[in-house]
Each structure stands twice: as C-alpha cells, then as structure tokens.
Amino acid sequence: MPRKSHRTQIVQNLVTVKVAKHEESKSSSSSSDNEIEQVLQQIVTRRFLHKRQIIPQSTAAIDLRLAHCYEFPEIFREYAQIDPSSFDLLVLKLQPHHIFHNHSYNTQMPVDRQLLITLYRLGHYGNGVSVKHVADWGGVSVGTVKLVTKRVFMAILDSTLQSEHIRWPAAQSSDQERVKEMVEERTIHEWRNGWVMIDSTLIPLYQRPYYYGEVFFDRKSNYSLNIVNTPTLKIVNYAVGFVGSRTDSTAWKET
C-alpha cells in the first residue's frame with residue numbers, strides 16, 4: 001500500500017478524535033469540537049505545516065565554468081564532457097525549441113545552464129550522479145535537476161540533430177575519403193575500401209538492472225549495454241538495445 005503523508009495522518013487522527021468526542025457527548029456542539037474544526041481548517045488551507053527552512057544555494061560553480069570555458073577548455077570538458085565550441089553549437093540548436101519557452105511569470109533559466117546541468121549529470125556515475133549531488137553543484141533544487149534533464153532530452157529527440165549529424169557520408173565525399181585513409185594506415189592497402197567496418201562499445205550502467213540483471217553482465221565484469229557503431233571519428237549509425245552479455249557478432253547480425 002502507498003505510504004500516507006504526514007498531513008493525511010494528522011487529518012485522519014483529528015477526524016477520529018472528533019467522532020469519538022461526539023459519540024461521548026451526544027450534544028449538538030462543544031468547545032472541543034470547535035477547536036478541532038479550526039485545526040482541520042488550518043491544516044487543509046495551509047500548503048506547509050511547518051515553517052520552511054531555506055537551504056543556502058549558489059550558482060557560482062555554473063557561473064565559473066561558463067565564464068571561463070574557453071580560457072580553460074580542459075576543465076570545462078571534465079564537467080560537460082564536450083568542448084566549449086561544441087557546447088555552444090548545441091545550445092544554438094536547442095534554444096529555439098518550444099520547451100524552453102513558456103508564458104509564465106517565472107522565466108526559465110537560460111538554455112546553456114540547463115544543458116550544462118544535464119551534461120554534468122550524464123557525465124558522472126556512482127555517488128557523483130545522485131540528483132542531490134547535482135543539485136548542490138548547480139545551486140538548484142532536486143526537482144529542477146529532473147526537470148531540466150527532461151527538457152534537454154525532449155528537445156534533442158524532437159530536433160533534427162539526428163538526421164543532420166548521424167548519417168552515412170555521401171559517396172566520394174571528404175569524410176569517406178578520410179575514413180578510407182585511416183583504414184589503410186592502420187591495416188593494408190587492400191582493405192582500404194572496407195571503411196564501413198563496425199565495432200561495438202560497452203556503455204557501463206550505474207548499477208545492476210532490477211529485471212534480468214545477470215544478462216547485462218559483460219566480459220569486463222561490468223553491467224552494460226552493447227552499442228554498435230563504426231570505427232570512424234564520426235558516428236554515422238548506431239544500434240541500441242543489446243545487453244552487455246551479447247556478443248558483437250550477434251548484435252551486428254540482428255540489427
């Protein structure tokens with residue numbers, strides 16, 4: 001059964017006391033009944049039962065990273081996992097999306113801050129990925145961390161980023177030629193045209209999945225997902241959905 005809130009428990013206890021007193025007195029009204037009614041009215045009309053304690057927060061960490069991202073790009077990459085130039089391009093792509101604009105009197109935080117919080121959350125694991133830790137780092141609430149992450153993912157999935165950037169290189173293009181040269185340098189000349197070779201990448205998971213967790217256990221003793229991509233410096237295609245215990249050949253055969 002779902003756990004009852006503190007407010008619900010208090011209301012139920014007061015109603016029980018009121019009914020018991022009414023049965024005892026059998027009178028139309030009493031001072032104790034009026035007092036209980038007043039307490040119930042205060043509980044129902046108040047949003048918070050106790051005085052709220054404001055937790056000190058600061059956005060200094062985000063301000064510092066955004067202000068000096070080009071001056072110290074290696075430090076920025078530790079937090080955002082991408083270069084400052086790529087970060088700015090992604091902000092420009094996501095900024096026009098309607099999910100970052102509303103008609104409320106409380107305006108949203110800038111898109112670059114929402115994106116940085118999301119990337120910081122995605123780029124960490126273990127204790128560092130807890131929502132509370134991310135909220136403390138960004139100077140926001142736990143609910144805000146969840147909300148901005150949802151917004152960023154919705155904007156990415158709704159945008160044309162995938163069709164623009166994750167695609168096969170055009171025939172005889174510079175990208176294709178560069179990949180062929182890389183294959184020839186690392187192997188032999190006869191394999192030059194084998195530029196569409198694939199490889200798989202194991203993406204470690206934070207913890208063992210609840211359902212069928214054993215099938216996610218890979219050869220590197222981690223719980224992971226097996227993602228198939230190409231060995232080029234640019235992702236041109238991918239296949240997601242295979243667990244870490246599946247072999248590369250099986251993942252390739254079934255995609």
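User: Buried means under 20% relative accessible area, exposed means over 50%, and partly exposed sits in between. So which of those is Tyr223?

Analyst: This is a predicted model, and in it Tyr223 has a relative accessible area of 25%. That value falls between the two cut-offs, so Tyr223 counts as partly exposed.

User: Cool. Switching to rings: how many aromatic pairs does a search of the whole structure find?

Analyst: Searching the whole structure turns up five aromatic pairs. One of them is Tyr79 with Trp137, a stacked pair with 5.8 Å centre to centre and 15° between the planes.

User: Why does that pair tie together parts that are far along the sequence, I mean 58 residues apart?

Analyst: It's down to where the two rings sit: Tyr79 belongs to helix α4 (residues 73–80), while Trp137 belongs to helix α7 (residues 131–138), so the pair ties together parts 58 residues apart in sequence.

User: And Trp137, buried or exposed?

Analyst: Trp137 is buried, because its relative accessibility is 13%. Tyr79 has 23%, so that one counts as partly exposed.

User: Back to Tyr223. Which residue does Tyr223 form an aromatic pair with?

Analyst: That would be Phe217, in an edge-to-face pair: 5.3 Å centre to centre and 65° between the planes. Phe217 is partly exposed, at 38% relative accessibility.

User: Which residues do ring pairs link into a cluster?

Analyst: Tyr79, Tyr120 and Trp137 are joined into a cluster through ring pairs.

User: New topic, the largest nonpolar core. Which residues touch the most other members?

Analyst: Phe87, Leu94, Leu115 and Leu116 do, out of the 27 residues in that core. Helices α3 (60–67), α4, α5 (84–94), α6, α7 and α8 (142–158) each give at least two residues to it.

User: Where does the largest share of this core come from?

Analyst: From α6, which supplies six residues.

User: What does Leu94 touch, leaving out residues up to four places away in sequence?

Analyst: With those left out, Leu94 touches Phe100, Val111, Leu115, Val152, Ala155, Ile156 and Leu161.

User: One last residue. Where is the place of Gln114?

Analyst: Gln114 is in helix α6 (residues 111–122). Its relative accessible area is 0%, so Gln114 is buried.

User: What does Gln114 touch, again not counting residues up to four places away in sequence?

Analyst: On that basis Gln114 touches Phe100, Gln108, Met109, Val148, Arg151 and Val152. Phe100 and Val152 are also among the residues that Leu94 touches.

How values were computed. Residues numbered from 1 in each chain as written. Predicted model: local features only at pLDDT ≥ 70, side-chain atom pairs only at ≥ 80, totals over all residues. Heavy atoms only, no water. Phe/Tyr/Trp six-rings, centres within 6.5 Å; stacked < 30°, edge-to-face > 60°. Helix = DSSP H or I, 4+ residues; strand = E, 2+ residues; numbered from the N terminus. Buried < 20%, exposed > 50% of the residue type's maximum accessible area, 1.4 Å probe, protein only. Contact = heavy atoms within 4.5 Å. Core = buried A, V, L, I, M, F, W, Y, C linked by side-chain atoms within 4.5 Å.
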